[in-house]
Amino acid sequence: MVERVSSHFRYTEEYVINHTFHWLKRKCEQANREQYEHRQMTSEETMRGVLAAISGMFGESHPEKMLLPDYEDNRTQEEDTGDWVTGQWWKPKAG
């Protein structure tokens, strides 16, 4: 676990050893999750590339939109998640 955490986060082994086992376990789980998300993203990008190539071969007019969706479509999807605070929080409320 020490080697995995130190190599993934680029920590020295001494730094990792100086932490608690709970911290080490949490960091190891975080490394696993980040690696899984990276593999999933790479897989999705590859699939989009293959679909765009096949669509281009069969005559679809804009297969590049599969590779890189429009900015507005992507922005709308991000707003729908509700995970991000929107608005201008630094301005005082009118009233």
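**Five helices and a nonpolar patch**

This chain has five helices and zero strands. Both are DSSP runs, numbered from the N terminus: helices are H or I with at least four residues, strands are E with at least two. Along the sequence, the pattern reads α-α-α-α-α.

A word on the source. The model is predicted: local features need pLDDT of at least 70, side-chain atom pairs count only at pLDDT 80 or more, and totals for chains, interfaces and linings use all residues. Residues are numbered from 1 along each chain as its sequence is written, and side-chain values use heavy atoms, with hydrogens and water left out.

Now helix α3, residues 21–57. At 1.5 Å a residue, its 37 residues should span 54 Å, and the end C-alpha atoms are 54 Å apart, which agrees. The expected span is 1.5 Å times one less than the number of residues.

Which residues of α3 are buried? They are Trp23, Leu24, Lys27, Cys28, Ala31, Ala52 and Ser55. Buried means under 20% relative accessible area, exposed over 50%, partly exposed in between (1.4 Å probe, protein chains only). In the chain of 95 residues, 13% are buried.

Val50 also sits in α3. Val50 is partly exposed, at 41% relative accessible area. Val50 joins Met47, Leu51, Ile54, Met57 and Phe58 in a nonpolar surface patch. Together they have about 650 Å² of accessible area, by the Shrake-Rupley method with a 1.4 Å probe; for residues, only the protein chains shown count as cover. Patch residues have over 30% relative accessible area and no salt bridge (a side-chain nitrogen of Lys or Arg within 4 Å of a carboxyl oxygen of Asp or Glu). Like charges are joined within 9 Å, nonpolar side chains (Val, Leu, Ile, Met, Phe, Trp, Tyr) within 5 Å.

Just after α3, Gly59 takes a positive phi of about 95 degrees.
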